[in-house]
Amino acid sequence: MFAKTAILATLAASASAFTPTTPSMAISFPKLGKAKTAKAVIPTVPDEDKPLTERLGGVGVSKPFAEGFDPLGFATRADAQEMIKYREAELKHGRVAMLAVPGFLLSEDFHPFFPNLPKWEYGIFALQDTLEQSSGVVGLAGAILAIAAFEARSFKAWEVPEGTPGSEASTYFKMKTDIVPGATLPAGPWTSDKLSPEEFAGKQTAELNNGRLAMIAIFLIVL
């Protein structure tokens, strides 16, 4: 009797070894798909805070002003679009000054159109004496019309006026951002299509430097 009981217990134990177990519901499966990685946030530097070496391609930056020539701080209060307008104005004033310096000095002694004017009369008084003559008024009117006709060519560089004047979204008195400042009438051997980018940037810087010097010079001559 004891032997039978032992045999039955052995068989029961052997059968329980092949009984399937119920899997636990706590098993976690790996998530499919790519793991998301945190992107590094790069702080945005306002255009007004950028150095002149990083604005407008660094054109106009040269020794002895390694950080750029901006004695009145115009660039510190100009965004990218406003900076283009400032550079356009700087180039135009510089070009006029470069013509004015030799013209001013030459006309003091050589003025065949106005033979009755006294020679070597410096300052603003020379212009006053010229305008007192009828031919001088005609010459001034012709010069103004010629300047206006040339300036009309630069209208295409300005944005179409839209929005409320003075608002942030307004395009009034704003220039396009895809233009080359000062390239109203590209001509001559120093245009961008005849030079390499490095050579063209060098010519632009040379023109700016000469124009800056001429603006200071004509101011001192007239003063």
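## Leu 56 and the loop around it

Let's start with Leu 56. In this predicted model, Leu 56 is partly exposed, because its relative accessible area is 27%, and that sits between the 20% cut-off for buried and the 50% cut-off for exposed. Where along the chain is Leu 56? Look in the loop between H1 and H2. The backbone has a quirk here too: phi at Leu 56 is positive, about 55°, although Leu 56 is not a glycine.

The loop between H1 and H2 also holds Pro 64. Check the peptide bond that joins Lys 63 and Pro 64: this bond is cis, with an omega of about 5°.

## The overall layout

Now zoom out. How many helices and strands does the chain have? There are 5 helices and 0 strands, so reading from the N terminus on gives the pattern α-α-α-α-α, with each α standing for a helix as defined by DSSP runs.

The chain has 223 residues, and buried ones make up 20% of them. You can also ask how far apart in sequence the contact partners are. Take the contacts between residues at least 6 apart in sequence: 53% of these join residues at least 24 apart.

## How far to trust the model

The pLDDT of the chain averages 80, and 77% of the residues score at least 70. Which elements have the lowest and the highest mean pLDDT? H1 has the lowest, with a mean of 47, and H5 has the highest, with a mean of 93.

Over residues 1–19, pLDDT stays under 50, and the model shows 0 contacts beyond four places in sequence for them. Residues 21–26 also have a pLDDT below 50, and this stretch has 0 contacts beyond near neighbours in sequence. Where pLDDT is low, the predicted coordinates should not be read in detail.

## Aromatic pairs

How many aromatic pairs does a search of the whole structure find? The search finds 3. One of them is Phe 74 with Tyr 86: the ring centres are 5.6 Å apart and the planes are at 70°, so this pair is edge-to-face, the label for angles over 60°. The pair links distant parts of the chain, with its two residues 12 apart: Phe 74 is in the loop between helix H1 (2–16) and helix H2 (80–107), while Tyr 86 is in H2 itself. Both residues have some surface showing: Phe 74 is partly exposed at 37% relative accessibility, and Tyr 86 is partly exposed at 26%.

Another pair is made by Tyr 172 and Phe 173. Their ring centres are 6.2 Å apart and their planes are at 50°, so the pair counts as tilted. Are these residues buried or exposed? Tyr 172 is partly exposed, with a relative accessible area of 32%, whereas Phe 173 is exposed, with 63%.

## The loop between H4 and H5

Phe 173 turns up again here, as it lies in the loop between helix H4 (134–151) and H5. Phe 173 has a positive phi of about 60°, although it is not a glycine.

Ile 179 is found in the loop between H4 and H5 as well, and it counts as partly exposed, at 22% relative accessibility. Which residues does Ile 179 touch, not counting those up to four places away in sequence? The answer is Ile 84 and Ala 157. Ile 179 and Ile 84 are 95 residues apart along the chain, and their C-alpha atoms are separated by 8.5 Å.

## A cavity between helices

A search of the whole structure finds 1 cavity of 30 Å³ or more. How much space lies in the largest cavity? About 40 Å³.

The elements that give two or more residues to the lining of this cavity are H2 and helix H5 (197–222). Find these lining residues in the structure: Glu 90, Leu 91, Gly 94, Arg 95, Met 98, Glu 207, Leu 208, Gly 211, Arg 212 and Met 215. The lining divides into 4 nonpolar, 2 polar and 4 charged residues.

Note on methods:
Residues numbered from 1 in each chain as written. Predicted model: local features only at pLDDT ≥ 70, side-chain atom pairs only at ≥ 80, totals over all residues. Heavy atoms only, no water. Phe/Tyr/Trp six-rings, centres within 6.5 Å; stacked < 30°, edge-to-face > 60°. Helix = DSSP H or I, 4+ residues; strand = E, 2+ residues; numbered from the N terminus. Buried < 20%, exposed > 50% of the residue type's maximum accessible area, 1.4 Å probe, protein only. 1 Å grid on protein atoms, 1.4 Å probe; cavity = no way out; pocket = protein on both sides within 12 Å on 5 of 7 lines; lining within 4 Å. Points joined across faces, edges and corners; volume = space filled by probe spheres on them. Nonpolar A, V, L, I, M, F, W, Y, C, P; charged D, E, K, R; others polar. pLDDT = per-residue confidence, 0-100. Contact = heavy atoms within 4.5 Å.
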